Amino acid sequence: MRADKFLAGQGIYTRKEVKDFFKKKKVTINGEIVTDGSVHIDEKSDIIMLDNNIVTYQKYVYLMMNKPAGYISATEDAKDPTVIDLLPEEYMHFHPFPVGRLDKDTVGLLLLTNDGELAHKLLSPKKKVPKIYLAKVEKEINDKDIKAFKEGIYIPEGDYTTMPGNLEIVEKGDNPLCKVTICEGKFHQVKRMFEKRNNKVLFLKRITFAGLNLDEKLAEGQVRQLTDHELKIIGKEKA
Ligand code: URA
């Protein structure tokens with residue numbers, strides 16, 4: 001891969017800073033000063049130094065995306081653009097994939113990684129990883145709806161009953177805004193739960209996943225690496 005992409009992919013320096021490092025002769029590859037960032041390296045065997053410090057190869061990447069509507073949560077799709085199309089180039093060599101799915105029209109927090117073990121853990125139904133959504137719905141919410149969410153709702157399309165969830169009204173009105181907490185991630189789950197209560201989701205945004213809160217500073221379509229603190233939350237200490 002290109003040396004400048006390798007350095008920018010560490011998530012510590014901006015592309016502009018990386019460009020500057022090359023210009024100022026701060027980068028060496030196998031002991032030789034390199035001023036052209038486009039030079040190709042073997043990130044697994046070459047020794048890349050910045051300011052006389054070895055830059056170690058980062059095997060895994062953990063990204064938080066604020067997913068916009070219109071994108072499929074997959075690595076490829078025959079018809080529609082995918083969340084991978086939104087990634088800056090410096091992350092592509094990691095081959096990240098989305099951890100679970102948000103519907104095409106759902107927005108908000110999506111985790112992407114190339115750490116299959118972590119993804120497997122976070123998606124395992126046994127782990128009951130909590131997810132919190134903001135949902136704008138068509139009709140009023142009543143106490144019976146709240147109780148039904150708490151008790152679990154039978155979904156005939158999948159022939160299962162949802163695990164206990166939490167439904168909370170955030171803003172009353174013609175189209176109330178509510179907060180929904182669920183600990184599983186079945187297909188169209190939130191939409192189907194409201195559907196079975198004779199209601200309809202008009203807008204859906206995930207704000208929390210596995211204890212990670214959506215960074216509201218991330219505009220829709222933007223992505224950033226998780227901080228050390230966030231890595232700890234999902235059980236990943238930085239090496
Ligand atoms: N539930 C849904 O119905 N859709 C999503 O995208 C996520 C949860």
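Let's look at what wraps around the ligand here: the residues of its shell split into four nonpolar, three polar and two charged. Keep in mind that this is a predicted model.

Who are these neighbours? The ligand is surrounded by L102, D103, T106, Y133, H188, Q189, V190, K191 and L204. Helix α5, which runs over residues 189–196, chips in the most to this shell, with three residues. The shell also draws on two domains: at least three residues come from domain 2 (62–125 + 211–233), and at least three come from domain 3 (130–209).

Now for the polar atoms. Here are three spots where the protein and the ligand meet, with the distance for each:

| Residue | Protein atom | Ligand atom | Distance |
|---|---|---|---|
| T106 | polar side-chain atom | oxygen | 2.8 Å |
| V190 | polar backbone atom | nitrogen | 3.1 Å |
| K191 | backbone N or O atom | oxygen | 3.0 Å |

So how much of the ligand's accessible area does the protein cover? On its own, the ligand has 240 Å² of accessible area, and the protein covers 96% of that.

And where does the ligand sit? Its space is the second largest pocket.

Putting the pieces together, T106 reaches the ligand with its side chain, while V190 and K191 do so with backbone atoms.

Methods. Residues numbered from 1 in each chain as written. Predicted model: local features only at pLDDT ≥ 70, side-chain atom pairs only at ≥ 80, totals over all residues. Heavy atoms only, no water. Near = heavy atom within 4 Å. Polar contact = N/O pair within 3.5 Å; in protein donor to acceptor, adjacent residues only side chain to side chain. Areas by Shrake-Rupley, 256 points an atom, 1.4 Å probe, with all protein chains shown as cover. 1 Å grid on protein atoms, 1.4 Å probe; cavity = no way out; pocket = protein on both sides within 12 Å on 5 of 7 lines; lining within 4 Å. Sits in = over half its atoms within 2 Å of the grid points. Helix = DSSP H or I, 4+ residues; strand = E, 2+ residues; numbered from the N terminus. Nonpolar A, V, L, I, M, F, W, Y, C, P; charged D, E, K, R; others polar. Domains from an automatic or database assignment.
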